Amino acid sequence: MAIKLSKKKVAAYNKSQTTPKTPSKVIPFIDRMRVSINFEPGEMAEEVQSNIWAQVADKDAFTQVASKGSYNAAWRIKIASALKLKHYPLMQYRHADKCAVRLAIDFAPHDLGPDGLDHMHIALKSIVDGGWVAFVELGKVNMIEVTVDLHGVPMGGFHVLPQQTTTVKSWSNAGKLETLYLGKKQGNFTRIYDRGLKRVSKKQAWAHGHVTRVERVLKSQAIPVASLASLDNVFAGIKMVDLPPTAPPEGKGYIWTLFCDAVAQRGLPAALKVLPADTYRKNYRKWLAEHPKPWWQPEEIWAEWGSMIEKTKLASKEWF
């Protein structure tokens with residue numbers, strides 16, 4: 001009697017971890033930013049130079065830390081509502097000839113919250129006339145990390161289709177993708193990572209399920225603080241796609257299968273790089289772009305940017 005062997009059903013390549021059709025409303029926020037004022041010699045520069053040394057002597061309000069680069073001194077502004085020392089705004093100062101030359105604030109608006117930002121404003125008022133308003137009027141954003149959290153979306157639930165010229169690096173643990181870098185860290189870059197896996201790797205508690213964080217980091221900038229609300233969409237160039245189970249039209253099925261295997265081992269960006277640029281890579285990129293993840297909508301996300309800036313008052317002159 002003949003024995004029939006049933007064929008094992010092969011799962012489609014795009015059936016990675018299940019993700020919701022629409023994650024909860026995605027609101028962009030500023031995870032961290034560095035803002036500075038450059039002073040010209042004169043009355044204002046002299047006043048800041050006089051004020052700062054008198055104020056930083058208050059150990060309940062400021063704690064001195066090591067200065068870096070061209071700065072003469074640096075302090076952390078103690079914020080009562082801040083949960084961690086690293087959330088204290090970093091104030092860096094450069095002076096010459098009894099005048100302030102540059103005052104910079106490096107802080108995390110999202111972590112500080114409204115109360116923390118108010119506290120920072122009060123501390124700055126004791127040093128520079130107007131406090132944070134002086135930074136709105138005169139300051140430039142030198143570095144900014146714009147962030148969104150995708151709740152319910154695991155790192156394995158999508159693939160990032162990078163721009164062709166983008167440098168890509170990734171870190172995995174036990175076969176699970178944890179972090180993806182697009183671009184060089186010395187310049188502007190995108191960082192995408194699993195917040196839960198990051199916390200667990202640091203032996204910290206995490207009870208929020210899958211949350212993928214997407215951060216766009218802009219360096220060496222000179223963005224007027226007053227024009228923050230009109231910042232161009234930093235997520236516009238990021239594409240998140242599915243991996244179709246079938247080859248592109250007129251494509252060869254067995255080569256697509258090999259490519260999908262390479263994606264599983266290397267990740268999509270690295271797998272694309274091993275393909276011939278003008279033939280398979282070009283066709284595969286086009287095919288992948290036709291399969292975007294419906295929940296990744298950069299334009300809809302960025303529509304919330306202006307209201308977030310208004311709510312935090314980061315570009316407002318209406319401070320008490």
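Which residues gather in a patch of negative charge on the surface? In this predicted model, the patch is formed by Glu43, Glu46, Glu47, Asp129 and Glu137. Helix H1, which spans residues 43-55, supplies three residues and with them the largest share of the negative patch. Another member of the patch, Asp129, is found in the loop that lies between helix H2 (109-125) and helix H3 (132-138). Because its relative accessibility is 66%, and a residue is called exposed when this value is over 50%, Asp129 counts as exposed.

A contrasting situation is met in strand S11, made up of residues 211-218, where eight of the eight residues are buried, so that the strand is largely enclosed by the rest of the structure. The residues of S11 point in two directions: Val211, Arg213, Glu215 and Val217 are turned one way, while Thr212, Val214, Arg216 and Leu218 are turned the other way, and all of them are buried. Burial in S11 therefore applies to both sets of residues, and it is judged by a relative accessible area under 20%.

The pairing of S11 with other strands was examined next. Strand S6, covering residues 140-151, pairs with S11 in the antiparallel sense over eight bridges. Within this pairing, Glu145 has Val217 of S11 as its bridge partner, and Thr147 is likewise matched with Glu215 of S11. Strand S10 (residues 189-194) also runs antiparallel to S11, and the two are joined by six bridges. Here Phe189 stands opposite Val217 of S11, so that Val217 has a partner in the pairing with S10 as well as being the bridge partner of Glu145.

Strand S6, for its part, is mostly covered, as 10 of its 12 residues are buried. Besides its pairing with S11, strand S6 is joined by seven bridges to strand S1 (residues 29-38), and these two strands run antiparallel. In that pairing, Arg34 is placed opposite Met143 of S6. A further antiparallel pairing links S6 to strand S12, which consists of residues 223-224, through two bridges. Val141 takes part in this pairing, with Ile223 in S12 as its bridge partner.

Taken together, the description moves from a surface patch of negative charge, to which Asp129 belongs, to strand S11, in which eight of the eight residues are buried, and then to strand S6, which pairs with S11 over eight bridges and is itself mostly covered.

Conventions:
Residues are numbered from 1 along each chain as its sequence is written. This is a predicted model: local features need pLDDT of at least 70, side-chain atom pairs count only at pLDDT 80 or more; totals for chains, interfaces and linings use all residues. Side-chain values use heavy atoms; hydrogens and water are left out. Patches are made of residues with over 30% relative accessible area and no salt bridge: like charges are joined within 9 Å, nonpolar side chains (Val, Leu, Ile, Met, Phe, Trp, Tyr) within 5 Å. Accessible areas come from the Shrake-Rupley method with a 1.4 Å probe; for residues, only the protein chains shown count as cover. A salt bridge is a side-chain nitrogen of Lys or Arg within 4 Å of a carboxyl oxygen of Asp or Glu. Lys and Arg count as positive and Asp and Glu as negative; His and the chain ends are not counted. The place of a charge is taken as NZ of Lys, CZ of Arg, CG of Asp or CD of Glu. Helices (H or I, at least four residues) and strands (E, at least two) are DSSP runs, numbered from the N terminus. Buried means under 20% relative accessible area, exposed over 50%, partly exposed in between (1.4 Å probe, protein chains only).
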